[in-house]
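Q: I should like to learn how to read a protein structure step by step. Could we take one example and go through its features in order?

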Amino acid sequence: QVQLVESGGGLVQPGGSLRLSCAASRSIFSINVMGWYRQAPGKQRELVASITSGGSTNYADSLKGRFTISRDNAKNTVELQMNSLKPEDTAVYYCNAHVVAGLPVRGYDYWGQGTQVTVSS
C-alpha cells in the first residue's frame, strides 16, 4: 500500500495563489502516475492534473495555464501550484497514486485524505 498525505490547503482570496504538496510513503519513481483530483459539494470527483514517472503531464482543459503539477523524486513529493484562483476552484483536493503491477497486470489506486481549498473574499 502507498500512503499519501496532502498539505497546503486553506483559505485564499480570488486571484490569489496556493501550493499543495503530496508526500508518498515510497519512491514516486516506482509509481506509474500521480495526480491531483478535486471534489466540490454535490459534484463528482474530477481530475485536475497528473504526472507520469517519465515526467509527462496532463491537465483538465479548463485549468490549463493556471495550475502546474510537478514532482520531486528525492523528497517523494508531488506539488500542485495553483494561480489566479477563482471561487469555483473551491473543493477538497485529493492526491492520487496509480500503480500498474503484477501478473496478470492490474491497476491499483491509492488516495490521500484530502485537503480543503476555499477561495473567497
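A: The dialogue below goes from the whole chain to single residues, and the model under discussion is a predicted one.

Q: Which secondary structure elements does the protein chain contain, and how many are there?
A: One begins by counting helices and strands. Here the protein chain has 0 helices and 11 strands. Read from the N terminus, the order of elements is β-β-β-β-β-β-β-β-β-β-β. The radius of gyration is 14 Å, close to the 14 Å that the globule rule gives for 121 residues, so the chain is as compact as a globular protein of that length.

Q: What does the C-alpha trace span along its principal axes?
A: The C-alpha trace of the protein chain extends over about 50 × 30 × 25 Å.

Q: How many of the contacts with a separation of 6 or more join residues 24 or more positions apart?
A: Such a share tells us about contacts between residues distant in sequence. In this protein chain, 54% of the contacts with a separation of 6 or more are between residues 24 or more positions apart.

Q: What share of the residues is buried, and what does the accessible surface come to?
A: A residue is called buried when its relative accessible area is under 20%. By that criterion, 38% of the 121 residues are buried. The accessible surface of the protein chain is about 6,600 Å², and carbon and sulfur atoms hold 48% of that area.

Q: Where are the positive and negative charges, on average?
A: One may compare the mean positions of the two kinds of charge. The protein chain has 11 positive and 8 negative charges, and their mean positions lie 3 Å apart.

Q: Which residues of the largest nonpolar core touch the most other members?
A: The largest nonpolar core has 31 residues, and Met34, Trp36, Leu80, Met82 and Tyr93 are those that touch the most other members. Among the elements that give two or more residues to this core are strand S4 (33–39), strand S8 (77–82) and strand S9 (91–101). The largest share, 5 residues, comes from S9. As for Leu80, its contacts beyond four places in sequence include Leu18, Trp36, Val48, Phe67 and Tyr93.

Q: Is Arg38 buried or exposed?
A: The relative accessibility must be set against the cut-off. Arg38, which lies in strand S4, has a relative accessibility of 9% and therefore counts as buried. Beyond four places in sequence, Arg38 touches residues including Glu46, Glu88, Asp89 and Tyr93. The C-alpha atoms of Arg38 and Cys95 are 8.7 Å apart, although the two residues are 57 residues apart along the chain.

Q: Why does Ser50 count as buried?
A: Ser50 belongs to strand S5. Its relative accessibility is 14%, so Ser50 counts as buried. Outside its neighbours within four places in sequence, Ser50 has contacts with, among them, Met34, Asn58 and Ile69.

Q: Where does Asn83 lie, and what does it touch?
A: Asn83 is in the loop between S8 and S9. With a relative accessible area of 28%, Asn83 is partly exposed. Beyond four places in sequence, Asn83 touches Gly16, Ser17, Arg66 and Phe67.

Q: Which residues have a positive phi without being glycine?
A: Backbone angles are read residue by residue. Asn76, in the loop between S7 and S8, has a phi near 55°. Ser84, in the loop between S8 and S9, has a phi of about 50°.

Q: Which residues does a cis peptide bond join?
A: Omega is the angle to inspect. Leu103 and Pro104 are joined by a cis peptide bond, with omega about -5°. Pro104 is located in the loop between S9 and strand S10 (106–111).

Technical notes
Residues numbered from 1 in each chain as written. Predicted model: local features only at pLDDT ≥ 70, side-chain atom pairs only at ≥ 80, totals over all residues. Heavy atoms only, no water. Helix = DSSP H or I, 4+ residues; strand = E, 2+ residues; numbered from the N terminus. Rg over C-alpha atoms; globule rule 2.2 N^0.38 Å. Buried < 20%, exposed > 50% of the residue type's maximum accessible area, 1.4 Å probe, protein only. Contact = heavy atoms within 4.5 Å. Areas by Shrake-Rupley, 256 points an atom, 1.4 Å probe, with all protein chains shown as cover. Lys, Arg positive; Asp, Glu negative; His and termini not counted. Charge placed at Lys NZ, Arg CZ, Asp CG, Glu CD. Core = buried A, V, L, I, M, F, W, Y, C linked by side-chain atoms within 4.5 Å.
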